[in-house]
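Subject: Structure for your review

Dear colleague,

Please find below the structure that I am handing over to you. My notes on it follow directly after.

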Amino acid sequence: MRAALALAERTRGRTAPNPNVGCVIVAADGRVVGRGWTQAGGRPHAEAMALAQAGTAARGGTAYVTLEPCAHVSPRGPACADLLVASGVARVVVALCDPDPRTDGQGIARLRAAGVEVVTEIETAAARRSMAGFLTRRRLGRPHVTLKLALSLDGAVSMADGRSQWITGAPARAHAHLERARHEAILVGRGTWEADRPRLDVRLAGLEERSPLKVILSSHPHPSAPSALPPSPAGRGKGPAAEGGGKGEGDPLWIQRPADIATLPVDHLLVEGGAAIAAAFLREDLVDRLLLYRAPILIGGGRTLGDIGLADLPDAHARWALTDERQLGSDRVEGYEAR
């Protein structure tokens with residue numbers, strides 16, 4: 001299942017509105033005979049890809065899938081539960097049940113009705129993290145939000161005059177670009193956009209085409225901002241709308257309030273704004289994950305987060321759970337999930 005979860009990460013941020021799923025087929029003799037992951041744009045599904053690779057070797061084997069196999073037939077492809085039954089697998093191991101009402105237990109029921117053994121809730125927490133965008137959209141009607149902050153040891157996000165290039169070193173900045181590649185959209189405030197004209201792209205060799213849509217938060221929309229949102233950016237890198245929001249390569253989308261992120265055609269949003277933007281998203285309880293890059297420097301008198309709506313100190317405790325930490329050169333990155 002961990003191998004299937006690793007495969008699912010290959011297209012995280014590229015499969016919306018479908019979830020990024022991974023699948024591994026193990027033959028009856030223990031050999032791995034099929035690997036699959038949901039392709040960009042949402043099809044083929046992971047199971048279809050893995051079964052096509054496995055062929056007849058799947059018969060009598062086990063399929064490990066990070067999400068319950070779909071039970072509905074689509075114009076874009078057959079139901080994966082039916083494909084698994086037809087393949088002759090003897091056992092299906094599922095990490096997480098699918099909340100989509102078109103499946104939601106029906107995929108598992110169909111497999112069991114056909115005599116296939118089904119095991120559920122294996123590596124469930126990891127599967128939830130892997131498909132956080134899909135699940136957040138289903139549960140809350142908005143994208144999953146990661147707030148990225150680069151901080152000094154004394155908690156400053158920039159100098160007093162707003163300068164923040166560069167708090168962290170090259171390894172941490174490269175890691176941040178990898179995070180950009182895992183999100184369909186990236187958001188900054190109007191002040192940052194107009195002052196710095198940041199590229200907000202992915203500058204890692206081989207991943208340039210995975211640069212996210214640019215989103216600008218401003219209480220006063222830009223007069224030339226597009227009036228309509230582009231289609232889902234699953235195929236970004238294949239045309240102007242995919243790259244920049246419908247107006248031409250590099251043009252951003254504009255929204256007026258943090259809550260407007262619900263209208264964005266994405267499941268994963270990376271917020272890279274400064275102190276004011278970060279505080280606004282925290283204040284409105286729109287942050288699902290914190291990504292903190294800590295540099296071993298002191299700034300003194302720098303800008304820090306403003307009011308985040310905390311009424312009482314006890315309320316700050318048990319709010320965030322550490323999920324990842326690692327050293328990146330002289331800097332350290334920590335990941336936290338909202339509880």
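A residue is called buried here when its relative accessible area is under 20%, exposed when that area is over 50%, and partly exposed in between. Leu310, with a relative accessible area of 41%, is therefore partly exposed. Please note that this is a predicted model.

Leu310 is also a convenient place to begin. The residue sits in the loop between S11 and S12. Together with Leu305, Ile308 and Leu313, Leu310 makes a nonpolar surface patch of about 330 Å².

The two sheets

One open sheet has 5 strands in the order S2-S1-S3-S4-S5, and its pairing is mixed. Its edges are formed by strand S2 (32-37) and strand S5 (117-119), each of which pairs on one side only. From one strand to the next, the twist averages 15 degrees. Helix H2 (residues 46-54) packs on this sheet, where it touches strand S1 (22-26), S2 and S3. The direction of helix H2 makes about 150 degrees with that of S2. Within the sheet, strand S3 (residues 62-65) pairs with strand S4 (residues 91-94) in the parallel sense, over 4 bridges. In this pair, Val65 stands opposite Val94 in S4.

Another open sheet has 8 strands, ordered S9-S8-S7-S10-S6-S11-S13-S12, again with mixed pairing. Strand S9 (253-255) and strand S12 (320-328) each have a single partner strand, so one side of each is left without a neighbour in the sheet. On average, and with direction ignored, neighbouring strands here are turned by 25 degrees against each other. Strand S7 (residues 185-189) and strand S10 (residues 268-271) are paired in the parallel sense over 3 bridges. Ile186 has Leu270 in S10 as its bridge partner. Helix H7 (residues 170-181) lies across strand S6 (144-151), S7, S10, strand S11 (289-294), S12 and strand S13 (331-338). Helix H7 runs at about 160 degrees to S11.

Salt bridges

The count of salt bridges comes to 21. Among them is the contact between the side chains of Glu123 and Arg2, at 2.8 Å from N to O. This pair links distant parts of the chain, 121 residues apart: Glu123 is in the loop between S5 and helix H5 (124-130), and Arg2 is in helix H1 (residues 2-8). Glu123 is partly exposed because its relative accessible area is 27%, whereas Arg2, at 65% relative accessibility, counts as exposed.

Asp82 and Arg110 also form a salt bridge, with their closest N and O atoms 3.2 Å apart. Asp82 belongs to helix H3 (residues 80-87) and Arg110 to helix H4 (residues 106-113), and the two residues are 28 residues apart. Asp82 is partly exposed, with a relative accessible area of 34%, and Arg110 counts as partly exposed at 29% relative accessibility.

In the sheet of 8 strands, Arg294 forms a salt bridge with Glu334, the closest N and O atoms being 3.1 Å apart. Arg294 lies in strand S11 and Glu334 in strand S13, so this pair ties together parts that are 40 residues apart in sequence. Arg294 counts as partly exposed at 31% relative accessibility, while Glu334 is buried, with a relative accessible area of 11%.

In addition, a network of salt bridges links Glu9, Glu179, Arg182 and Arg289.

Backbone geometry

Most residues other than glycine have a negative phi, and most peptide bonds are trans. The following places may therefore be worth viewing against that background.

The peptide bond joining Ala16 and Pro17 is cis, with omega about 10 degrees. Pro17 is found in the loop between H1 and S1. A cis peptide bond also runs from Arg43 to Pro44, where omega is near -5 degrees. Pro44 lies in the loop between S2 and H2.

Which residues other than glycine have a positive phi? Asp104 is one of them, with phi near 30 degrees. Asp104 lies in the loop between S4 and H4 and is partly exposed, with a relative accessible area of 48%. Leu200 likewise has a positive phi, of about 55 degrees. Leu200 lies in the loop between helix H8 (190-196) and strand S8 (213-217), and is buried because its relative accessible area is 3%.

With kind regards

Technical notes
Residues numbered from 1 in each chain as written. Predicted model: local features only at pLDDT ≥ 70, side-chain atom pairs only at ≥ 80, totals over all residues. Heavy atoms only, no water. Pairing = 2+ DSSP bridges. Axes fitted to C-alpha atoms, helices over the stretch in contact; angles between N-to-C directions. Contact = heavy atoms within 4.5 Å. Patch = residues over 30% accessible without salt bridge, like charges linked within 9 Å, V, L, I, M, F, W, Y side chains within 5 Å. Areas by Shrake-Rupley, 256 points an atom, 1.4 Å probe, with all protein chains shown as cover. Salt bridge = Lys/Arg side-chain N within 4 Å of Asp/Glu carboxyl O. Buried < 20%, exposed > 50% of the residue type's maximum accessible area, 1.4 Å probe, protein only.
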